Amino acid sequence: MDRENEIRDGEAAVALPAQHDAGVYFIGRIHTPWTSRLMTPRQGRADGPICHIEIFEPWQAAVDGVEQFARLEVLYWLHQSRRDLVRQSPANDGTSRGTFALRSPVRPNPIGTQIVELVGVEGNVLTVRGMDCLDGTPLVDLKPDRSLFKPIAPPQPGDFETG
């Protein structure tokens, strides 16, 4: 078994459901220096290499105004990740945990998130630092970093009550 898809001691896989619940539009592609999952950093770094996020038509108009933000949250589809592991044993860890207790790219819905520094925007291409995914990774969404926003209004009585 190749190392990228191995099942380690303590890991468990399940059969995947026959059908999907929803569709996702890939709105672009991420270009990074990494072509192997074994070489990709585990987490992006603010001082990491320059990467590019290409936005496809018809989504290019959605880039308008993004340059006013220093940081963006990038959501992407980890297209080469397994989707069937429910227990995982992180490399060099020696333990086994449930998938939802880890930040592993191996997930039922392999959606990655990363906060990146926006270096520049030229047309439909965003230049960023801080990515941690393979070259050619499909882009799901972009949002301004939520930590840059303040709450719209203070909490009101009843806001958090459940019926």
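# Notebook: aromatic pairs, strands, core, cysteines

I started at Y25, which is exposed, with a relative accessible area of 65%. The model is a predicted one, and I read every value with that in mind.

**Entry 1. Aromatic pairs**

I looked up ring pairs next and found two aromatic pairs in the structure. Y25 pairs with W59; the ring centres lie 6.0 Å apart and the planes stand at 45°, a tilted arrangement. This pair links distant parts of the chain, 34 residues apart. I placed Y25 in the loop between β1 (12-13) and β2 (28-31), and W59 in the loop between β3 (50-55) and β4 (71-77). I then checked the cover on W59: its relative accessible area is 33%, so W59 counts as partly exposed.

The other pair is F26 with W77, and I noted 6.2 Å between the ring centres and 50° between the planes, so this pair is tilted. It also links distant parts of the chain, since F26 lies in the loop between β1 and β2 and W77 in strand β4, 51 residues apart. What is the cover on each partner, buried or partly exposed? F26 comes out partly exposed because its relative accessible area is 36%. W77 has a relative accessible area of 16%, and is therefore buried.

**Entry 2. The chain as a whole**

I counted zero helices and nine strands in the protein chain. Read along the sequence, the pattern is β-β-β-β-β-β-β-β-β. The C-alpha trace spans about 50 × 50 × 35 Å along its principal axes. Of the 163 residues in the chain, 32% are buried. The accessible surface is about 10,900 Å², and carbon and sulfur atoms hold 52% of that area. I also looked at contact order: taking contacts between residues at least 6 apart in sequence, 77% join residues at least 24 apart.

**Entry 3. Strand β4**

W77 sent me back to β4, the strand in which W77 lies. This strand is mostly covered, with six of its seven residues buried. Which strands does β4 pair with? One partner is β7, in the antiparallel sense, over seven bridges. There I noted V116 of β7 as the bridge partner of L72. Another partner is β9 (residues 137-144), again antiparallel, over five bridges. In that pairing L75 stands opposite D141 of β9.

**Entry 4. The three-stranded sheet**

I then looked up β1. It belongs to an open sheet of three strands, in the order β1-β5-β6, with antiparallel pairing. Why do β1 and β6 count as edges? Each of β1 and β6 (97-98) has a single partner strand, so one side of each is left without a neighbour in the sheet. The pairing of β1 with β5 (residues 85-88) is antiparallel and runs over two bridges. One of the residue matches I wrote down is A12 with R87 in β5.

**Entry 5. Nonpolar core**

The largest nonpolar core holds 19 residues. I listed the members that touch the most other members: I30, I53, V74, L126, V128 and M131. The elements that give two or more residues to this core are β3, β4, β7 (111-122) and β8 (125-129). As background, nonpolar side chains in soluble globular proteins tend to be buried together.

I took I53 as a sample. Which residues does I53 touch, leaving out those up to four places away in sequence? My list for I53 reads R29, I30, V74, N124, V125, L126, V128, L139 and L142. I30, V74, L126 and V128 are on that list, and these four were also in my list of core residues with the most member contacts.

**Entry 6. Cysteines**

I searched for disulfides and found zero. C51 is in no disulfide, and the nearest cysteine sulfur, that of C133, is 7.1 Å away. C133 likewise is in no disulfide, its nearest cysteine sulfur being that of C51 at 7.1 Å. A disulfide needs the sulfur atoms within 2.5 Å, and this is why the two are left unpaired. Are these cysteines buried or exposed? C51 counts as buried because its relative accessibility is 0%. C133 has a relative accessibility of 3%, so C133 counts as buried too.

Notes. Residues are numbered from 1 along each chain as its sequence is written. This is a predicted model: local features need pLDDT of at least 70, side-chain atom pairs count only at pLDDT 80 or more; totals for chains, interfaces and linings use all residues. Side-chain values use heavy atoms; hydrogens and water are left out. Buried means under 20% relative accessible area, exposed over 50%, partly exposed in between (1.4 Å probe, protein chains only). Rings of Phe, Tyr and Trp (its six-membered ring) pair if their centres lie within 6.5 Å; planes under 30 degrees apart count as stacked, over 60 as edge-to-face and the rest as tilted. Helices (H or I, at least four residues) and strands (E, at least two) are DSSP runs, numbered from the N terminus. A nonpolar core is a set of buried Ala, Val, Leu, Ile, Met, Phe, Trp, Tyr and Cys residues joined through side-chain atoms within 4.5 Å. Contact means heavy atoms within 4.5 Å. Accessible areas come from the Shrake-Rupley method with a 1.4 Å probe; for residues, only the protein chains shown count as cover. Two strands pair if DSSP finds at least two bridges between them.
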